[in-house]
Structures are given as structure tokens and as C-alpha cells.
Amino acid sequence: FINGLELYDFDIQEIPKLVSPLFQKIGVVSLAGTSDVGKSTILRQLALSVALDRPDWLGFPLDLKHKRVIYVSTEDDKYSVSIALKKQLKELAFDEAQEKELLNNISFIFQQEKLLDPLKKQVKTNPVDLIIIDAFTDVFTKEINSSTEVRKFLSQYHKLALANECLIIFLHHTGKRTQNQKASKDNLLGSQAFEAKMRCVLELRVDKTDKELRHLCILKGNYLSYKEKSKSYVLQFNEDSLFLYFFLVASTLPIFILNN
């Protein structure tokens, strides 16, 4: 138990954010999108930004404590991830002599079964700021349309995040042909319980006219203002190196105003 006075006396004025203003420091959130849009790329970039103690990710300020991250990769193997990391580090102006040691701050797991126990063991020994699970549909093996099963599964990871004061990001997929529809949390695959458990849900989309642009849309944000939730952030994409640049190209795109 913790009483109201103790809560009141916390020295905070707003929800602590790992990625400001998008992701809180503790809990579960999601990044979703259709296939081949760059979801894994953008999340690997976030993982590298944390491990290398960068001040920001895509222009969004980072507030790090441990500067460590775990990346669960179920769709790629260690060789493809090795190549992707080298490409992204090159675009990040990675100083191998000075920063190579910092790559020890990012750990990869290439498995999908019985994942929770090794994660608990790892974060207890080496606390992290962030755990990325790529992808939800691989680690969740029950009926995806069952609200009871989805919520039961996610509750275990939510408890892991609370117990270790870290953030867990689930990469998730949207339905086929939703790319041509209005950005909405209803586009997520499976039960509504997935979206309900998340405190923030982002969707990554390809621009309709310029295939080198991506739109980062806020589908849900419990700790965001309505003004922030109505924005679509436009990002430059470099397909040669599979890299999303760190700067914000534009702040809003009316065509992607959310369907709340």
C-alpha cells in the first residue's frame, strides 16, 4: 500500500517521459504499421539512441537512467541484424573508436517462446530503460482476437515494467489495406484489449506521394494533450541504409488527423 499523502509528495509535476512527449518511462506502449514500412528500423534506431546515450531520437528528447536496452527480435536473425546495425551506425556518424564499448549496452534476444523468465532474470541483474519486443504476434501464441488472453498476456509484461521501472514497446501490425484508410487505433490487428492496455500507440505510415517520407501518427496517448494527439510527424527515410533521420521534417499533416 501507498497512501495519498505519499503520492502527493512525489517531486513531479507531470508524467516522467523516456521519449518526450511520446513515451512514458514506465509501462507498455506500441508502435504499429503495415509490412515493409520501417517499423523495426525505427525501433532499432531508438535502441541505439538509448545504448549510445544520445540526447534525442528523431528529434524527441530522451531522458535516460541506465542507458541500457533489450531488443527481442523474432523476425530477423543475428546476421541480418548485424548488417542493419552497421548501416544505421554509419548514418549516425558512429565514432567506432570512442563509442564501440557502448554497444554492450544493447542486448538482443532471438527467441519467442518462454520469453518472460529470461527477461526477468536479465533486467534484475542489469536494469534497463527500455525493452523492445519485435513483434507481438510472434511472442503471443494464443488467440489474437480473445480479449481475455491478450489482456492476461500483456498484464505479465506490464508487471515486469512496473517492477523494474522501465518501458516496454511492442511492435505490432495493422490490417491489410489500412494504409489507405484514416489513421486509427481500430486498424490494429486482433482484440481491442491490446490497444486498451497500451498507454500510447503510434502508427508508422508511408507518405502517399513521396515514398521517402514516413508519417508517425499518434493513435492513442493517455499522457498526451489533445493538441499533441492530433499531429502527424513527418520523417525522412533513407532506403539505401534503412535509416530514419533524426530531424523532424514537419509537424502536422491534416490528412492523418486521428479518428478518436
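**Exercise 1. Place Lys220 in the fold, and work out whether Lys220 is buried or exposed.**

Step 1: find the element. Lys220 sits in strand 11, which covers residues 213-221. Keep in mind that you're looking at a predicted model.

Step 2: check the accessibility. The relative accessible area of Lys220 is 11%. Buried means under 20%, so Lys220 counts as buried.

Step 3: see what surrounds the residue. Setting aside neighbours within four places in sequence, Lys220 is in contact with Glu195, Ala196, Met198, Arg199, Cys200 and Val201.

Step 4: try a distance. From Lys220 to Thr178 you go 42 residues in sequence, and the C-alpha atoms are 17 Å apart in space.

**Exercise 2. Describe the setting of Tyr71, then find how far its C-alpha is from that of Asp134.**

Step 1: Tyr71 belongs to strand 6, residues 69-73.

Step 2: with 1% relative accessibility, Tyr71 counts as buried.

Step 3: list the contacts, again leaving out neighbours within four places in sequence. For Tyr71 they include Ser40, Leu43, Arg44 and Ala47. Ser107, Phe108, Ile109, Ile132 and Asp134 are in contact with Tyr71 too.

Step 4: now the distance. Tyr71 and Asp134 are 63 residues apart along the chain, and 7.5 Å separates their C-alpha atoms.

**Exercise 3. Asp134 turns up again here: find the two cis peptide bonds described below and say where each one lies.**

Step 1: recall the usual case. Most peptide bonds are trans.

Step 2: look at Ser20 and Pro21. They are joined by a cis peptide bond with omega of about 5°. Pro21 is in the loop that runs between strand 1 (17-19) and strand 2 (23-24).

Step 3: go to Asp134 and Ala135. The bond from Asp134 to Ala135 is cis as well, with omega near 20°. Ala135 is in the loop between strand 8 (130-134) and helix 6 (136-139).

**Exercise 4. Look at phi for Asp53 and Glu165, and sort these residues by accessibility.**

Step 1: start from the background. Most residues other than glycine have a negative phi.

Step 2: take Asp53. Its phi is positive, near 60°. Asp53 lies in the loop between helix 2 and strand 4 (56-57). At a relative accessible area of 39%, Asp53 is partly exposed.

Step 3: take Glu165. Phi is positive here too, near 50°. Glu165 lies in the loop between helix 7 (147-164) and strand 9 (167-173). The relative accessible area of Glu165 is 52%. Exposed means over 50%, so Glu165 is exposed.

**Exercise 5. Thr34 and Ser184 both lie in loops; decide whether each is buried or exposed.**

Step 1: Thr34 is in the loop between strand 3 (27-33) and helix 2. Its relative accessibility is 16%, which counts as buried.

Step 2: beyond neighbours within four places in sequence, Thr34 is in contact with Lys39, Thr174, Gly175, Thr178 and Gln179.

Step 3: Ser184 is in the loop between strand 9 and helix 8 (192-197). At 4% relative accessibility, Ser184 is buried.

Step 4: the C-alpha atoms of Ser184 and Leu219 are 5.7 Å apart, though these positions lie 35 residues apart in chain numbering.

**Exercise 6. Find the largest nonpolar core and the element that gives it the most residues.**

Step 1: the largest nonpolar core has 36 residues. Those with the most contacts inside it are Phe23, Ile42, Trp57, Leu130, Ile169 and Leu216.

Step 2: helix 2 (residues 39-51) gives the most to this core, with 6 residues.

Step 3: apart from this core there is another, with 32 residues, including Ile70, Val128, Phe136 and Cys217.

Step 4: relate this to a general trend. In soluble globular proteins, nonpolar side chains tend to be buried together.

**Exercise 7. Zoom out: how compact is the protein for its length?**

Step 1: count the elements. The protein has 9 helices and 13 strands.

Step 2: compare radii. The radius of gyration is 18 Å, close to the 18 Å from the globule rule for 260 residues, so the protein is as compact as a globular protein of that length.

Step 3: add the extents. The C-alpha trace spans about 55 × 50 × 40 Å along its principal axes.

Step 4: check burial and contacts. Buried residues make up 50% of the 260. Of the contacts between residues at least 6 apart in sequence, 66% join residues at least 24 apart.

Step 5: finish at the surface. The protein exposes about 13400 Å², and carbon and sulfur atoms supply 49% of that.

Definitions and conventions:
Residues are numbered from 1 along each chain as its sequence is written. This is a predicted model: local features need pLDDT of at least 70, side-chain atom pairs count only at pLDDT 80 or more; totals for chains, interfaces and linings use all residues. Side-chain values use heavy atoms; hydrogens and water are left out. A nonpolar core is a set of buried Ala, Val, Leu, Ile, Met, Phe, Trp, Tyr and Cys residues joined through side-chain atoms within 4.5 Å. Buried means under 20% relative accessible area, exposed over 50%, partly exposed in between (1.4 Å probe, protein chains only). Helices (H or I, at least four residues) and strands (E, at least two) are DSSP runs, numbered from the N terminus. The radius of gyration is taken over C-alpha atoms; the globule rule is 2.2 Å times the number of residues to the power 0.38. Contact means heavy atoms within 4.5 Å. Accessible areas come from the Shrake-Rupley method with a 1.4 Å probe; for residues, only the protein chains shown count as cover.
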